[in-house]
Amino acid sequence: MPRPAIRTGDGDRDLLVFTDKAIHLFLNVGDFCFERQDDFAERCGRAGASGGQFVDIDNDGDLDIVVADGLRREGKRGPALFINEWPRNRFTDALEVDPGNLFAAIAFDGYASCVAADFTGDGACDVLVAPAGEPPFLVENATQGGHWIQVDLQGIRGDDGKSRSNNSALGARVDIRAGLIAQQYVVGVPSGPVASPPPRVHAGLGAQTQVDWLRVTWPDAVLQAELELPADQSVKIIEVQRKVSSCPHLFAWNGSYIEFVSDFGGMGGLGYLTAPGAYAPPDSTEYVPVPNLQPRDGEYLLQVVEPIEEIVYMDEVKLLAVDHPAGTSIYPNEMTAVNAAPSDFELFCVRETIEPVQAIDHRGADVTEAIKAVDRTYAGPVRPDPRFIGYAEEHFVELDFGARLSSVRPDARLVLFLYGWVHYGYSATNFAASQAGISLQEYRLVAEEPPYSSIVPAPATKVTWYSGSDGTPTGLSV
């Protein structure tokens, strides 16, 4: 396997390991595999230390390494700087380049911790050294480096529950792209046994005068991107949940005004992770009923709006007319298959409907009025999972049709029509939920009195609409 470059910019975080006698740099080669950087071990690793951190000390766009208590030849310890010589695939001890470097004059007997940050506010990272048992001191950085940017993050716990990050943004990941420079930072990583860099992210940009693209992955899995940020400034980024809506929205002229019809396209999403190694199969074709479409000046007017920051590909759009008897309604059998096989496409022509006598939810509450009309009053979960967006506690709605099904022929096919919405989670959310032993579950029908093995039940007194996190019905005999 070829040795990977030190500055790969591939988004896979590398490991810096400190021991009493050596320092090791392990480069992430993907698939949870790491390769020891032998050249680093030979040139810099013999120092040994208890802590340090990656930092762009000269703002040239690649990460150097500052060590708090490197072991010296005479047995003393002191701070050390290993300079990243990209594009040369190696680090060099600053003392070899400049024996008069201030770090060479600093020595102490025991261990120490250090923090690299811009303490003086001039855009260059200084080094605060704290030897054990001695007063800490600051080593100011006089290097004439390149451009830079500093980022202060503020997480938000919104009342709507769509953002739930800690205020200091500990755990947030920041990816920065500027020209060919690619850097990644995580807020809250340690720099030694008793030290941690400040939450402020400092990134060197070299000759680049702006950040082309900055992306924050917040602790609650919210993704936020900021574009074209000028260099040489400190910026504050407050968490913004820009996923305020759903997929593309369809609007149509209904004879009086432009009316919202539905969102669509969710079933065609590419790369939607439902569990580690599992992706929802995209369905590129979707049928959306437009019930109130009316001509305006001899033409039908339909509009599509994309309200969230995502890329939508629309290859072909058709308006299909269905010839059906007067007094009937047409519904397509459409669904997004998540952890379930997609259903065959059908068109249902409905004349008579059978309304339930009563609807009771999983709490025992009567939700009959909530499901009587399409009025944005819903029955469903009442306790979303505070850890994972798009997840909720186990919930179901039990529909009691009483004697209203008694006149239905035994061989008749019953179809349950539901109108509602689903709060989509992120791929990262699904991955995190899988680590907690939770997975997405499709909605299921469970027939009662008597039990049926068919997914299309014969006449029954009750039909339960059930959704749970582990697939186990509660208090139901099927």
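**Sheet, helix and rings in a predicted model**

Visitor: Which strand order does the open sheet of 3 strands have?
Guide: This is a predicted model, where local features need pLDDT of at least 70, side-chain atom pairs count only at pLDDT 80 or more, and totals for chains, interfaces and linings use all residues. Residues are numbered from 1 along each chain as its sequence is written, and side-chain values use heavy atoms, without hydrogens and water. Pairing is mixed, and two strands pair if DSSP finds at least two bridges between them. The order is β14-β11-β17.

Visitor: In β14, what is the bridge partner of Ile149?
Guide: Strand β11 (residues 147-154) and β14 run antiparallel, joined by 5 bridges. Strands here are DSSP runs (E, at least two residues), and helices are runs of H or I, at least four residues, both numbered from the N terminus. The partner of Ile149 is Ala203.

Visitor: How are the rings of Phe40 and Phe82 arranged?
Guide: Rings of Phe, Tyr and Trp (its six-membered ring) pair if their centres lie within 6.5 Å; planes under 30 degrees apart count as stacked, over 60 as edge-to-face and the rest as tilted. The centres of Phe40 and Phe82 are 5.9 Å apart and the planes stand at 90°, so the pair is edge-to-face.

Visitor: Is Phe417 buried, partly exposed or exposed?
Guide: Buried means under 20% relative accessible area, exposed over 50%, partly exposed in between (1.4 Å probe, protein chains only). Phe417 has 38% relative accessibility, so Phe417 counts as partly exposed.
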